[in-house]
Every structure is written in structure tokens, then in C-alpha cells.
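Open the model in your viewer and keep the selection box handy. We'll go stop by stop, and at each one you'll hear what to select and what is there.

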Amino acid sequence: MKTEKQKFLEMRKDGANSVLILRGDWDFKTSVFRLDELKKKLLDHQGSLKVDFSGCQKIDFVFGMFLFDLVRERSLNIELCNVSENNACALKVVKDWLEKEENLESKKAGKHYELLITKLGKSIVETYNTFLNAFNFCGMILFYFIKSVFNPKRFCITPLLYHINESGFKVLPVSILTVFIVGFAVALQGALQLQDMGAPLMSVEMTAKLALREIGPFILTLVVAGRSASSFTAQIGVMKITEELDAMKTMGFNPFEFLVLPRVLALVIVLPLLVFIADAFAILGGMFAIKYQLDLGFPSYIDRFHDTVGWNHFLVGIVKAPFWGFAIAMVGCMRGFEVKGDTESIGRLTTISVVNALFWIIFLDAVFSIIFSKLNI
């Protein structure tokens, strides 16, 4: 084995420099043992190293790839010398190809970085434009509302009543069921925890206050947002694609007064009424949960509820409802007017409108929570 090493590989000293002498053929037929020995010699050597190819008869592209890949990956400091003309051509082709690949990779990395910066910039601009459009849309809604107040004949009563029923009361079955289930689950968990702490009766006021302030209004609004925001966007978007909006303008009808204002007012009016009903079912769910867990009768629950829960908790949920209704209707209508091109944009903007509506509901809820906590309400 040692003889074979000396035959194909030999390390010599040339003054202060080290020289690695290669002999024989180094191509795709070269054994793994010889390649491992070469790799070990190159990696074990510290500093610069000359590789002498004077004894090499044949070098192919496979060996060239092996050598230059090793040099590039481990950052080796080697110098190739005494390379014959044919072998030099093979090594040059491999070296040029690898340099070209490195340049392409660096360009791709630069393009990826530029693409990331571009996407980030576009996202910032789109967010800014969205907020700007939202404020502009709010201003137009308020303008046409005030205009209608001074001229009541401009109010579209029939669409208003239609959307109160369609976007409000038709949501009640699934809404009250959802609120009842959530109220039951939260009250049950609260009763379990307070029972372990030795204060089971506190679960009555805790669950009742939570139902009036958050569970009833918030869960109901989420259901309304998922249904109404998407329907508003889809309806107005289809009207825009089918050019019904252009036909309305041609006939002298203002789309804002006939399409946007009735939808916004409908949710602003009907949502507090729905919150009142949702509060009742959330409290009812809590009553059943406490009856199940603590065996506390309904009359006892109602007496403690009357003694410990004030009207301010009920008003907190009612006050938030019109603002939520305004946000849901505004987002749904605004995204509907942004539809253009084909039906694909309707699906995309419908999804975006629901997501935006849910965001504004959560954001407004957090803002009101801060305000009410500062006011000790």
C-alpha cells in the first residue's frame, strides 16, 4: 500500500516550499483510495502548496471538478505547476465553468436580495395606500350620510330595510348557537378553576361580566363579519364586472347612496340589537354551565347576577357594536369597488375583505378595552 502511495503521490520539500507530486492517470477511473489520499494530503498541509503535474499523463474533467471543488470549499492555497498542454486545457475548462457558476450564484443571491427588498417596499406602499383609501372611503360615507340627513328624500329606505334583514336578522340562528356554545364552554372552565380555588360562586359574576363585555358582542361580530363582509364585496364586485355600476351612473344614480350607505347604516343599526340578543344567549349558556358544574339553581344565579353585575358591563358591549358594524360594512364595500378584471379578483378580494374586517374588529376591541380600563368602566 505504501508503494502505491509513493508511486502516485509524493510530498517533497523545495527549499521553503512544499511540493506535492502527482504521477500517472488522474481521471474518472481513479480509485477512491487514491482520491482520499490526495484529499488528506491537501487538507493536512498548512500554508501554500505547489502541486506538480509533471508526472501526470492524463487528467480529465471529473478529476478537475474534484480538485477545484475541494479548493473552493476548503479555501486551499495551492499552485498548479508543470501542467502539460492537454491537461491544462482540461483544467482551464473546469475552472472557467466553476467561475461562471459562482458568478451566476452571486447574481442570483443579489437578485433574491433585491426581490426581497422590492417585495418589502411594495408591501409598505400597499399598506399605506390601503389606509389612505380606507380614510378616504370613511370620509365619503360621512359626506353622503350628512348630505342625506339634510335631504331625507335621498335616503334609500327599501335597501336599508332589506340589508337589516339580510345582513342582520338572518345571521341570528348561527350566531346565537355559536355564542351559546362559547358562553357555556368559558363558564364551565371558569367554574372549574374557581371551584378549585374555593370561590365557586364568583364564577357567576365573572362569566356574566365576560359574556356582556366580550363573549356575546365579539363572537357575534365575528360571525357577522365572515358573512356580511364577504357578501358585500362579492355583490358590488359582480356589479362592477357586469358594468351595472356604470349603468347606474349613466342613469344618474349615485352608487354610494344606493349601494354603500344602506349597507353601512344597516349594520350600524342592527348590530346593537343583535348584541343584545347575543348577550342573553351567552348568559344563558353560562347559566347552564354553572348549573351543570356547581348545581346552582337558575333563581340563585339570577339573584347573584342582579347583585353583582352592573349596567355598565352591558353598555360596554352595546357601545362597541355600531363601530364594529361600520368597520365591517366599510371594508366589504371598499373591497368590492376595488374588483377589476375578471372573477378571480372577486374571490381574492372577498378573502381579503374578510381578513381585513376581522383585523379591524380585533383592533377596535383592543382600543375600546384600553379606553374603558382607563375610564374604570
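The tour below goes from strands to salt bridges, then to cores and empty spaces.

Before you click anything: this is a predicted model, so local features are used only at pLDDT of at least 70 and side-chain atom pairs only at pLDDT 80 or more, while totals for chains, interfaces and linings take in all residues. Residues are numbered from 1 along each chain as its sequence is written, and side-chain values rest on heavy atoms, with hydrogens and water left out.

**Stop 1: the strands**

Select residues 17-26, which make up strand 2. Helices (H or I, at least four residues) and strands (E, at least two) are DSSP runs, numbered from the N terminus. Seven of the ten residues here are buried, so strand 2 is largely enclosed by the rest of the structure. Buried means under 20% relative accessible area, exposed means over 50%, and partly exposed is in between (1.4 Å probe, protein chains only).

Now add residues 49-59, strand 3. Strands 2 and 3 run parallel, joined by seven bridges; two strands count as paired if DSSP finds at least two bridges between them. Which residue of strand 3 stands opposite Trp-26? Ile-59 does. Ile-21, for its part, has Asp-52 of strand 3 as its bridge partner.

Add residues 78-81, and you have strand 4. Strand 4 pairs with strand 3 in the parallel sense, over four bridges. Asp-52 turns up again here, this time standing opposite Cys-81.

**Stop 2: the salt bridges**

How many salt bridges does a search of the whole structure find? It finds five, each being a side-chain nitrogen of Lys or Arg within 4 Å of a carboxyl oxygen of Asp or Glu.

Select Arg-304 and Glu-205, whose side chains meet in a salt bridge at 2.9 Å, N to O. Arg-304 sits in helix 10 (residues 298-308) and Glu-205 in helix 7 (residues 202-241), so the pair ties together parts that are 99 residues apart in sequence. Arg-304 is partly exposed, at 27% relative accessible area, while Glu-205 is buried, at 12%.

Next, show Lys-320 and Glu-214, another salt bridge, at 3.2 Å from N to O. Lys-320 is in helix 11 (residues 311-337) and Glu-214 is in helix 7, so this pair ties together parts 106 residues apart in sequence. Is Lys-320 buried or exposed? Lys-320 is buried, with a relative accessible area of 1%.

Keep Lys-320 on screen and add Asp-365: the two form a salt bridge, their closest N and O atoms 2.9 Å apart. Asp-365 belongs to helix 12 (residues 343-374), and this pair links parts of the chain 45 residues apart. Asp-365 is buried, as is Lys-320. Through shared partners, salt bridges join Glu-214, Lys-320 and Asp-365 into one network.

**Stop 3: the nonpolar cores**

A nonpolar core is a set of buried Ala, Val, Leu, Ile, Met, Phe, Trp, Tyr and Cys residues joined through side-chain atoms within 4.5 Å. The largest one has 65 residues, and those with the most contacts inside it are Phe-137, Ile-141, Leu-220, Val-224 and Tyr-301. Helix 9 (255-294) is among the elements that give two or more residues to this core, and its share, 18 residues, is the largest.

Zoom in on Phe-137. Setting aside residues up to four places away in sequence, Phe-137 touches Phe-256, Val-260, Met-330, Cys-333, Met-334 and Phe-337; contact means heavy atoms within 4.5 Å. Then jump to a second, separate core of 19 residues, which includes Leu-22, Leu-35, Leu-42 and Cys-56.

**Stop 4: the largest pocket**

The largest pocket has a volume of about 310 Å³. On a 1 Å grid over the protein atoms alone, a pocket is an open set of points with protein on both sides within 12 Å along at least five of seven lines, and lining residues have an atom within 4 Å of a point. Grid points are joined across faces, edges and corners, and a volume is the space filled by probe spheres set on the points. To find the pocket, select residues of its lining, including Leu-212, Phe-276, Asp-279, His-306 and Trp-311. Helix 9 gives the largest share of this lining, four residues.

**Last stop: Thr-350**

Finish at Thr-350, in helix 12. Thr-350 counts as buried at 15% relative accessibility. Leaving aside neighbours within four places in sequence, Thr-350 is in contact with Ser-230, Thr-233 and Ala-234.

Conventions. 1 Å grid on protein atoms, 1.4 Å probe; cavity = no way out; pocket = protein on both sides within 12 Å on 5 of 7 lines; lining within 4 Å.
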